[in-house]
Amino acid sequence: MSLPHRTGARTGRAPSLIGLADERASGALLCDAGTVYLRDGQVVHAESPVAPGIEVLLTTGGRLTADSWREAVGRATGGVGRFLVDSGRLSGAELEICHLGALFDAAYFALGHGSGPRGFQRGAAHWLGPVRPVGAVAVERETRRRGELLAALWPYPQVDTEPVVPRRPDGRAPAVTARQRAVLALADGVRTPARIAHELGRPAFHTLIDIRRLAAAGHVATPRSARPEHPGRPGPPAGSAAFAPPAPARGSRAVVFTDPDIDLLRRLRDALEATL
């Protein structure tokens, strides 16, 4: 759900997320593939046409009905998120978890490869309202980490945007997981990864992980014109899914996993216990 910005005008020079954070700026950072919202220099939300919004994750995922969501949007005065908690539709922990997932998902596309800032609307605020702010450095670090993870799985970014074409792998291909089967069930050569993510009600980045793994295993075709993210690596052979994925060297820093957020995990536990 994307609503117009409330106030502000674009500046003549596109700023950086870190620069805005240093200024303790509040507003909307307009990017080629999405928008990142800041309040006092911290990231409070992000959205992208590629990534399912928080309303899709909550309704398609089954946590809220579409009618409940529409009622919240229509009746909220201090922010949709606050109304959902105050009305008992969600616990505070549930809202935080879903919000963080939507924020990092959309920020990856807004700030990642092929996108970038193009303007800033000072004073613009998101309709969701304040939930849990995240530092700009953490957002940029997670954006880079996600890009490195995808490249390590299968270094052909074209599979992220082209229609997903299923193919019959050879007998050596690993079996697909339940999550991957759900993706393959929607792969018809017409649906893109973004559309599949929306229909499944899953974060778009998680869907890209499944699709890159499926492409590496031969269950999904890699476009013949695909070019690798790693210089010097040849493109996939015509008529095939591509080659075996590059195996990360031991000790490689291509994929870096950060320590878990202990406070967030505790809130997740409390949210799950409250729904049992």
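Two strands count as paired here if DSSP finds at least two bridges between them. Keep that in mind for the tour, and keep in mind too that this is a predicted model.

**Whole chain**

Start with everything shown as cartoon. You should be looking at 10 helices and 4 strands. Walk from the N terminus and the elements come in the order α-β-β-β-α-α-α-α-β-α-α-α-α-α. Colour by burial next: of the 276 residues in the protein chain, 45% count as buried. If you switch on a contact map, take the pairs that are at least 6 apart in sequence; 73% of those contacts join residues at least 24 apart.

**The sheet**

Now select the strands. The 4 of them make an open sheet, ordered 3-2-1-4, with antiparallel pairing. Which strands stand at the edges? Pick out strand 3 (42-47) and strand 4 (117-122): each has a single partner strand, so one side of each has no neighbour in the sheet. Turn the view to look along the sheet and follow the twist, which averages 20 degrees from one strand to the next.

Zoom in on strand 2 (residues 34-39) and strand 3. They run antiparallel and are joined by 5 bridges. For a landmark, click valine 36, which sits opposite alanine 46 of strand 3.

Add helix 5 (residues 92-111) to the selection. Helix 5 lies across strand 1 (27-31), strand 2 and strand 3, and runs at about 75 degrees to strand 3.

**Two cysteines**

Show cysteine 31 and cysteine 98 as sticks. Are they buried or exposed? Cysteine 31 is buried, at a relative accessible area of 2%, and cysteine 98 is buried as well, at 14%. Don't go hunting for an S–S link, though: searching the whole structure turns up 0 disulfides.

**Helix 6**

Jump to helix 6 (residues 136-153) and select arginine 146. Is this arginine buried or exposed? Its relative accessible area is 10%, and buried means under 20%, so arginine 146 counts as buried. Show what surrounds it: leaving out residues up to four places away in sequence, arginine 146 touches Phe104, Asp105, Tyr108 and Phe205.

Stay in helix 6 and move to alanine 152. Alanine 152 is buried too, with a relative accessible area of 15%. Try a distance label from alanine 152 to arginine 212: C-alpha to C-alpha they are 9.6 Å apart in space, while in sequence they are 60 residues apart.

**The second largest pocket**

Turn on a surface and find the second largest pocket, with a volume of about 510 Å³. Its lining takes in 21 residues, and the ones closest to the centre are Tyr108, Phe109, Gly112, His113 and Asp160. Helix 5, helix 6 and helix 9 (204-217) each put at least two residues into this lining. Which helix gives the largest share? That is helix 6, with 4 residues.

**Last stop: a cavity**

Finish inside the protein. The whole structure holds 1 cavity of 30 Å³ or more, and the volume of the largest cavity is about 30 Å³. To frame it, select the residues that line it: Val159, Glu162, Pro163, Val164, Ile211, Val220, Ala221 and Pro223.

Key. Residues are numbered from 1 along each chain as its sequence is written. This is a predicted model: local features need pLDDT of at least 70, side-chain atom pairs count only at pLDDT 80 or more; totals for chains, interfaces and linings use all residues. Side-chain values use heavy atoms; hydrogens and water are left out. Buried means under 20% relative accessible area, exposed over 50%, partly exposed in between (1.4 Å probe, protein chains only). Contact means heavy atoms within 4.5 Å. Axes are lines fitted to C-alpha atoms, for helices over the stretch in contact, and angles run from 0 to 180 degrees between N-to-C directions. A disulfide is a pair of cysteine sulfur atoms within 2.5 Å. On a 1 Å grid over the protein atoms alone, a cavity is a set of points where a 1.4 Å probe fits but cannot get out, and a pocket is an open set with protein on both sides within 12 Å along at least five of seven lines; lining residues have an atom within 4 Å of a point. Grid points are joined across faces, edges and corners, and a volume is the space filled by probe spheres set on the points.
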